[in-house]
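I open this notebook to keep track of what I looked up, entry by entry. The topics are a pocket, a strand residue and the cysteines.

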Amino acid sequence: MSFRFKSKELQHFNWIFGNAPCFPVHSSKISIITEPNKFYETLYEKFKDAKRRISIASLYIGTGELEKDLLKVMMTNAKQQQLSLKILLDYQRGTRGEVNSKTLFESFIDKESIDNCKLSLYQTPKLQGSWSKALPSRYNEIIGLQHMKLYIADDIVILSGANCSNDYFGQRQDRYIQIEDKDLVNFYCDVIDALSDISKQLAGDKIVAPKEICRKEFEGRITDLIEKWKLLQAEKLSVLDSKNETNTWIFPLLQMGDFNITQDEDTTCNILTSGLKGSYFRLATGYFNLTEKYEKVLLKDCKANISLLMAHPNANGFLGASGPAGGIPYAYSLIAKKFWQKVVDYNQISRVRILEYERPGWTFHAKGLWYYPPGSEVPWACVVGSANLGERSVRRDLEAQAAIFTESPDLQKKLHEECTKLHDYSTESIEDILQRNIPLWVQATVGLFRTYF
């Protein structure tokens, strides 16, 4: 049998059961973390208490004391419990500088002599070969990255946009949703394992390259993985539907531009076009750089009211950076100006709002969306994960997300509190953006490099 949402608030999203595997859970299995320090504390406790497996996908692991403590507790537990420890990072970012994620991992392996730990370093196929050396360190990262953020301990996964680094454990605001479900975790572990198979491996003090990647072959592997889990979960749904034991449905979404996997982009666009008139989408992104497709969907196809929360230049992690990177906060302001002109051209001023997050001493890295049905003061759905609705997320980086739909008043309330807390530090700022001075060199170059950030 084909499953369908029963509530009128969600029925217009029934198409999503054909787009992605569905993992039904009870809302009591979902926890929302709102503070970076609590995110770190949760990671530490979950990794310390894990009995069977720890799997991580992140851009990199930082080299500060907090990260060292986190890696130490993972390594100690792996040695004592003989559990499986797998870490997937980006090769370019994870090997940047003399002290980096790789050297940190090596130092713990040397001390602990652990055999059941695996570090995989994904490198985009676009950079393999001579291109890897042709571009200088840091700048080669603009070509493409492993950007998924998945933190797994036994049958729990934390979905986030936060990296495993000191900044993200202190005053860098992101989102963090913890879900306990064995099948969902198995799905994400399958994804991590598949990517690890085509990644470089740390072997002793050497890095071993994988066999040459056939992009079409790997695209088929990921597509088959998604289809396998859709079939498995369809059987589970048919049984649970008759028992009425669940009130929340989770749809994992992947985006892998390197391999023509556009599931997250396609599903997010469909979600935005499926919102009813009178409903409300609240979107957030740390880096405001919508693709033309997302702009079209929001301004022409979406019937709902929308707000877009972005980082104020003072809350942008690139503020004060040396070299061209220092212009990135201004580039996002310029892109926002150009987007607002399209809002005006399409006569959508009454339907679209732009807000900026600014909190003294904090940076903003949160992303995703919340869906409020007509007349509802709480969201019934959200999308959470690593993607930023922008050019990089769609075309260059590897991203992992989840669309969560819920009929639980308790979870709806918690999602609303999460969203509201982010907006407590926001102001409607389009007038400030329009009047903001943009350096001439940023104005001259942003069009050339827009697809890289």
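How do the residues of the lining of the largest pocket divide into nonpolar, polar and charged? I note before answering that this is a predicted model. I then found 20 nonpolar, 14 polar and eleven charged residues in that lining.

Staying with the largest pocket, I read its space as about 1,200 Å³. I saw that 45 residues line this pocket, and that Arg138, Tyr287, Phe318, Ala325 and Ile328 are the closest to its centre. I looked up which helices contribute, and found that α10 (328–345), α11 (391–395) and α14 (440–449) each supply at least two residues of the lining, with α14 giving the largest share, five residues.

Next I turned to Leu355, which lies in strand β15, residues 352–357, and which counts as buried because its relative accessibility is 4%. Leaving out residues up to four places away in sequence, I listed its contacts as Ser307, Leu308, Leu309, Met310, Ser426, Thr427, Glu428 and Ser429. I also checked Ala311, which is 44 residues from Leu355 along the chain, and found their C-alpha atoms separated by 8.4 Å.

Last, I asked how many disulfides a search of the whole structure finds, and the result was zero. For Cys269, the closest cysteine sulfur is in Cys302 at 11 Å, which is too far for a bond, since a disulfide needs the two sulfur atoms within 2.5 Å. For Cys382, the closest cysteine sulfur is in Cys419 at 9.6 Å, again too far for a bond. I noted that Cys269 counts as buried at 5% relative accessibility, and that Cys382 counts as buried at 2%.

Definitions and conventions:
Residues are numbered from 1 along each chain as its sequence is written. This is a predicted model: local features need pLDDT of at least 70, side-chain atom pairs count only at pLDDT 80 or more; totals for chains, interfaces and linings use all residues. Side-chain values use heavy atoms; hydrogens and water are left out. Buried means under 20% relative accessible area, exposed over 50%, partly exposed in between (1.4 Å probe, protein chains only). Helices (H or I, at least four residues) and strands (E, at least two) are DSSP runs, numbered from the N terminus. Contact means heavy atoms within 4.5 Å. On a 1 Å grid over the protein atoms alone, a cavity is a set of points where a 1.4 Å probe fits but cannot get out, and a pocket is an open set with protein on both sides within 12 Å along at least five of seven lines; lining residues have an atom within 4 Å of a point. Grid points are joined across faces, edges and corners, and a volume is the space filled by probe spheres set on the points. Ala, Val, Leu, Ile, Met, Phe, Trp, Tyr, Cys and Pro count as nonpolar, Asp, Glu, Lys and Arg as charged, and the others, Gly among them, as polar.
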